[in-house]
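Student: I'd like a close look at one part of this model, the packing in its interior. Please take me through it in one go, with the cut-offs behind each term.

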Amino acid sequence: MIKRVRVGLLGCGTLGTEFARVLERKFKDACIVTCLNDIDLDQAEKLRKKIKSKPAIVTLKTMIQKCDFLIEAAAPPVVGDLLKQALPKNRGVLVMSVGGILTSPGIQALLKQKRGLIFLPSGAIAGIDGLLAARVGKIKSVSLVTKKPPKAFKGAPYFVERGKDPMSIRRDTKIFEGTVRQAVKLFPQNINVAATLALAGIGALKTKVSIYACPGLKRNTHQLEVLGDFGRMVTVTENDPFVKNPKTSRLASYSPIALLDKVFGTLKIGT
Ligand SMILES: NC(=O)c1ccc[n+]([C@@H]2O[C@H](COP(=O)([O-])OP(=O)(O)OC[C@H]3O[C@@H](n4cnc5c(N)ncnc54)[C@H](O)[C@@H]3O)[C@@H](O)[C@H]2O)c1
């Protein structure tokens, strides 16, 4: 019998729960969920009850010791610790809170050690495949325009620091223009897509972002433009919210599952 990959889920909220469900249904021959971790124990316990394999609720350190593959669906601040402990042990890690890779010091040095594997899903944007291919040649510019309804920005440091309530915005307003490096600090929960683009393309200092708050907007919209020696690429992705958590897009919940298909499946499509 082929040994199944032991999977640990860090973060048992909306996405963690969805991943557990899919791993048991779709990848049961390839892997088994053996460990869970969540800062909120009730959340971990709730998920444990739903999983057939009845995984142990453990600390991050134990999870890294006992699992071959870790899936992070928690929050950006956990990413640094997770990668610093898991990569030297040659673990595979799928990271959802991609902004955490840009904001945690020391990650670049870890990448140079060439141990372990990090998987970043494309998330709620189309075009990462094209951007990765374009990077083989010369890229002139990468820019992202993101539009979301004001409620999506509740609690964002950008508004908290200014003492402003995003819900007071009454017409379509550009609230930010700058680099990904600045955006991940001001909008950590909204800008995973920009962080992924920066890592896939020309970095957090050169990738440009504009963010709009648009009252009445039904779909979170990302427009990506890449210019390079290959020509020009433009993608527009209009995302319906994920029913179980309107802060997340449906495509963002599908994308890591498609990536897990690449990890655990035989046919691997796309750049
Ligand atoms: N890459 C993408 O495209 C993309 C798309 C959607 C969400 N995300 C990110 O994925 C993460 C999870 O999203 P979600 O919708 O499942 O959120 P959620 O709020 O539903 O669940 C997060 C869970 O993580 C737990 N948690 C928070 N901090 C923790 C810590 N320090 N240690 C352990 N557990 C902790 C919470 O208690 C909660 O149960 C978020 O950071 C979100 O920004 C990324």
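Tutor: Happy to; here is a walk through the main nonpolar core, followed by the pockets and a few backbone details. The model is predicted, so to speak: local features need pLDDT of at least 70 and side-chain atom pairs count only at pLDDT 80 or more, while totals for chains, interfaces and linings use all residues. Residues are numbered from 1 along each chain as its sequence is written, and side-chain values use heavy atoms, with hydrogens and water left out.

Let's begin with the largest nonpolar core, which has 37 residues. A nonpolar core here is a set of buried Ala, Val, Leu, Ile, Met, Phe, Trp, Tyr and Cys residues joined through side-chain atoms within 4.5 Å. Buried means under 20% relative accessible area, exposed over 50%, and partly exposed in between (1.4 Å probe, protein chains only). Ile175, Phe187 and Val209 have the most contacts inside this core. At least two of its residues come from each of α7, β7 (139–148), α8 (157–162), β8 (173–179), α9 (180–186), α10, β9 (208–213) and β10. Helices (H or I, at least four residues) and strands (E, at least two) are DSSP runs, numbered from the N terminus. Helix α10 supplies the largest share of this core, 6 residues. A second, separate core has 24 residues, among them Leu9, Ala20, Phe27 and Ala44.

Back in the main core, α10 deserves a second look. Of its 9 residues, 7 are buried, so to say the helix is mostly covered is fair by the definition above. Those buried residues are Val193, Ala194, Ala195, Thr196, Leu197, Ala198 and Ala200, and they pack against α5 (99–103), α7, β7, α9, β9 and β10.

Now to Phe187, which counts as buried at 0% relative accessibility. Beyond its neighbours within four places in sequence, Phe187 is in contact (heavy atoms within 4.5 Å) with Phe153, Ala156, Tyr158, Phe159, Ile175, Phe176 and Ile211. Ring pairs link Phe153, Tyr158, Phe159, Phe176 and Phe187 into a cluster. Rings of Phe, Tyr and Trp (its six-membered ring) pair if their centres lie within 6.5 Å; planes under 30 degrees apart count as stacked, over 60 as edge-to-face and the rest as tilted. The whole structure holds 8 aromatic pairs. One of them, Tyr158 with Phe187, is stacked, at 5.1 Å centre to centre and 25 degrees between the planes. Because Tyr158 lies in helix α8 and Phe187 in the loop between α9 and α10, this pair ties together parts that are 29 residues apart in sequence. Tyr158 is buried too, with a relative accessible area of 11%.

Strand β10 brings us to Val226, which is buried at 0% relative accessible area. Leaving aside neighbours within four places in sequence, Val226 is in contact with Leu131, Ile139, Ser141, Val142, Gly231, Arg232 and Met233. From Val226 to Lys49 the C-alpha to C-alpha distance is 45 Å, with their places 177 residues apart in sequence.

Helix α10 also appears in pocket linings. A pocket is found on a 1 Å grid over the protein atoms alone, using a 1.4 Å probe: it is an open set of points with protein on both sides within 12 Å along at least five of seven lines, and lining residues have an atom within 4 Å of a point. Grid points are joined across faces, edges and corners, and a volume is the space filled by probe spheres set on the points. The largest pocket holds about 970 Å³. It has 29 lining residues, with Leu120, Ser122, Ile128, Leu132 and Thr271 nearest its centre. Elements giving two or more residues to this lining are α6 (107–112), β6 (117–119), α7 (128–134), α10 (192–200) and α11 (250–264). Of these, α11 gives the most, 6 residues.

The second largest pocket has a volume of about 800 Å³. Among its 37 lining residues, Leu15, Gln189, Asn192, Lys247 and Thr248 are the closest to its centre. Here α1 (14–26), α10, β10 (220–228) and β13 (245–249) each supply at least two lining residues, and β13 gives the most, 5 residues.
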